[in-house]
Amino acid sequence: MYRSNHNGHNGHRNGHAQHFLSDVYISEDAFWSLSLAAVETFRKECFGFLVGYQGKDKWILQRAIPHQTAQRSYSWVAPHAPARQRIEGAMKSLFLGEHTIGWFHSHPERGGEIAVPEVSDQDLDISKPGEVILIMGIHSRRKRVGWRQNADGTVSGTLGNYHLVVAAYMKTETGRQRRLRVNCAYATGFNPE
Ligand SMILES: [Zn+2]
């Protein structure tokens with residue numbers, strides 16, 4: 001969900017050094033699911049679940065499962081709790097050892113405003129402590145750029161007619177957000193266009 005205003009950033013743009021405590025590693029499969037979900041629903045938000053493993057200070061994102069029964073609009077998505085329970089129940093028999101590690105959604109451009117993949121208060125409210133919150137910022141492509149990992153821990157690049165920025169956060173036990181470093185060797189190495 002979009003934050004209602006773009007003030008109150010978490011300090012990263014004010015010259016503070018970045019301290020990445022944890023990494024998220026995105027598989028090729030998850031990269032495509034995330035990207036195509038954001039492109040499909042553009043200019044509305046997409047929403048879905050992140051499935052994988054949690055290690056010590058790292059998460060392995062194996063799959064991203066779009067949540068088709070989420071109610072969506074241009075600036076918000078309402079998750080459907082029973083759907084999450086059904087998906088988690090089904091996954092127990094499908095994927096040995098994998099579990100839901102968080103959720104994703106997109107922040108599409110609005111009215112020519114660049115999509116900012118930052119956590120809103122609503123995003124934090126609907127997350128559980130320890131969950132990964134992955135946000136895809138998506139806007140119409142201005143020029144083609146290769147996929148790369150940025151200094152702020154995001155991964156970005158263009159795909160077709162869109163520019164995407166993948167950012168990840170974790171909700172801490174105290175309810176705050178902590179930025180994670182996104183790694184996607186598939187995107188930054190292979191450079192899909
Ligand atoms: Zn959001």
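**Close-up 1. Ala 37 sits in helix H1, residues 28–41, of this predicted model.** Let's start with the surroundings of this alanine. Ala 37 has 24 C-beta neighbours inside 10 Å, so Ala 37 counts as buried. Setting aside residues up to four places away in sequence, Ala 37 touches Cys 46, Gly 48, Ala 64 and Pro 66. One of these partners, Pro 66, is 29 residues from Ala 37 in sequence, yet the two C-alpha atoms are 6.7 Å apart in space.

**Close-up 2. The largest nonpolar core brings together 40 residues.** If you are looking for a good place to begin in this view, try the members that touch the most other members: Leu 34, Leu 50, Val 132, Val 166 and Val 182. Strand E10, residues 162–171, supplies the largest share of this core, with 7 residues.

**Close-up 3. Leu 34 is among the core members that touch the most others.** Here we move in on its contacts. Not counting neighbours within four places in sequence, Leu 34 is in contact with Ala 64, Phe 104, Met 136 and Val 166. Ala 64 may look familiar, as Ala 37 touches Ala 64 too.

**Close-up 4. Glu 118 lies in the loop that links strand E6 (99–108) to helix H3 (121–125).** Is this loop glutamate buried or exposed? Glu 118 counts as buried, because 21 C-beta neighbours lie inside 10 Å and the cut-off for a buried residue is 20 or more. Also worth finding in this view is Ala 168: Glu 118 and Ala 168 are 50 residues apart in sequence, with 8.7 Å between their C-alpha atoms.

Technical notes: Residues numbered from 1 in each chain as written. Predicted model: local features only at pLDDT ≥ 70, side-chain atom pairs only at ≥ 80, totals over all residues. Helix = DSSP H or I, 4+ residues; strand = E, 2+ residues; numbered from the N terminus. Buried ≥ 20, exposed ≤ 12 C-beta atoms within 10 Å, placed from the backbone. Contact = placed C-beta atoms within 7 Å. Core = buried A, V, L, I, M, F, W, Y, C linked by C-beta atoms within 7 Å.
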